[in-house]
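Reader: I want to learn how to read the features of a structure one by one. Where shall we begin?

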Amino acid sequence: MEKPAFKLPPLNLFSSRKEWEEVCWKKISKSEKLLELTTPSERHNLVLRAAAIDFINSGKRYSEISKELWLSPQTISSI
């Protein structure tokens, strides 16, 4: 049996689920195996989010980004 890529801390060690999720995310994001855990749909969404951030940082307007990436202005705003 293959060893797990990482071991997450038990939920009961944290005062809130949000705090636990943040700690888990930091641990997962440091793993080289993170992208192996994602579905094709999740990878698609990650690529679109990264592209939207890149376009926002380059000064493109939401309407331009929306047309190019087929995302709604609301989605771009939330990113």
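Author: Begin with one residue and its surroundings. This is a predicted model. Take K60: not counting residues up to four places away in sequence, K60 touches F55, I65 and E68.

Reader: Where is K60 found?

Author: K60 is found in the loop between α2 and α3.

Reader: Is K60 buried, partly exposed or exposed?

Author: K60 is partly exposed, because its relative accessible area is 28%, and the partly exposed class lies between 20% and 50%.

Reader: How far apart are K60 and E42, in sequence and in space?

Author: The two are 18 residues apart in sequence. In space, K60 and E42 are 24 Å apart, C-alpha to C-alpha.

Reader: Next, charges. How do I read a salt bridge?

Author: Start with the general idea. Side chains of opposite charge can pair when their charged atoms come close. Now the case here. The side chains of K60 and E68 meet in a salt bridge, at 2.8 Å from N to O. E68 is partly exposed, with a relative accessible area of 47%.

Reader: How many salt bridges does a search of the whole structure find?

Author: The search finds two. Besides the K60 and E68 pair, R17 and E21 meet through their side chains, at 3.8 Å from N to O.

Reader: How many residues apart are R17 and E21 in helix α1?

Author: They are four residues apart in α1, which spans residues 17–29. That spacing means that about one helical turn separates R17 from E21.

Reader: What is the accessibility of R17, and what is that of E21?

Author: R17 has 51% relative accessibility, so R17 counts as exposed. E21 has 43%, so E21 is partly exposed. The cut-off for exposed is over 50%.

Reader: Now helix packing. What describes a pair of packed helices?

Author: Two packed helices are described by the angle between their axes and the distance between the axes. In this model, take α2, residues 40–57, and α3, residues 62–69. Their axes come within 10 Å and cross at roughly 150°. The crossing of α2 past α3 is right-handed.

Reader: Which residues make the contact?

Author: From α2 come L48, A51, A52, F55 and I56. From α3 come Y62, I65, E68 and L69.

Reader: How do the residues of this contact divide into nonpolar, polar and charged?

Author: Eight are nonpolar, none is polar and one is charged.

Reader: What does L69 of this contact touch, leaving aside neighbours within four places in sequence?

Author: L69 is in contact with L48, A51, A52 and F55.

Reader: Which residues form the largest nonpolar core?

Author: There are seven: L48, A52, F55, I65, L69, L71 and I76. Helices α2 and α3 each supply at least two residues of this core. The most comes from α2, with three residues.

Reader: Let us look at some polar side chains. Where is S66 placed, and is S66 buried or exposed?

Author: S66 sits in helix α3. At 17% relative accessibility, S66 counts as buried, because buried means under 20%. Leaving aside its neighbours within four places in sequence, S66 is in contact with L71, S72, P73 and I76. Two of these, L71 and I76, belong to the largest nonpolar core.

Reader: And T38: where is T38 found?

Author: T38 is found in the loop between α1 and α2. T38 is buried, with a relative accessible area of 15%. Leaving aside neighbours within four places in sequence, T38 is in contact with R43 and L46.

Reader: Is Q74 buried or exposed?

Author: Q74 is exposed, with a relative accessible area of 59%. Q74 is found in helix α4, residues 73–78. Q74 and S15 are 59 residues apart in sequence and 33 Å apart in space, C-alpha to C-alpha.

Reader: Last, the backbone. What sign does phi have in most residues other than glycine?

Author: Most residues other than glycine have a negative phi. Now look at W70. Phi of W70 is near 60°, a positive value in a residue other than glycine. W70 lies in the loop between α3 and α4.

Reader: What is the relative accessibility of W70?

Author: The value is 78%, so W70 counts as exposed.

Terms used:
Residues are numbered from 1 along each chain as its sequence is written. This is a predicted model: local features need pLDDT of at least 70, side-chain atom pairs count only at pLDDT 80 or more; totals for chains, interfaces and linings use all residues. Side-chain values use heavy atoms; hydrogens and water are left out. Axes are lines fitted to C-alpha atoms, for helices over the stretch in contact, and angles run from 0 to 180 degrees between N-to-C directions. A crossing is left-handed if the near helix is turned anticlockwise from the far one by less than a right angle, and right-handed if clockwise. Contact means heavy atoms within 4.5 Å. Ala, Val, Leu, Ile, Met, Phe, Trp, Tyr, Cys and Pro count as nonpolar, Asp, Glu, Lys and Arg as charged, and the others, Gly among them, as polar. A nonpolar core is a set of buried Ala, Val, Leu, Ile, Met, Phe, Trp, Tyr and Cys residues joined through side-chain atoms within 4.5 Å. Buried means under 20% relative accessible area, exposed over 50%, partly exposed in between (1.4 Å probe, protein chains only). A salt bridge is a side-chain nitrogen of Lys or Arg within 4 Å of a carboxyl oxygen of Asp or Glu.
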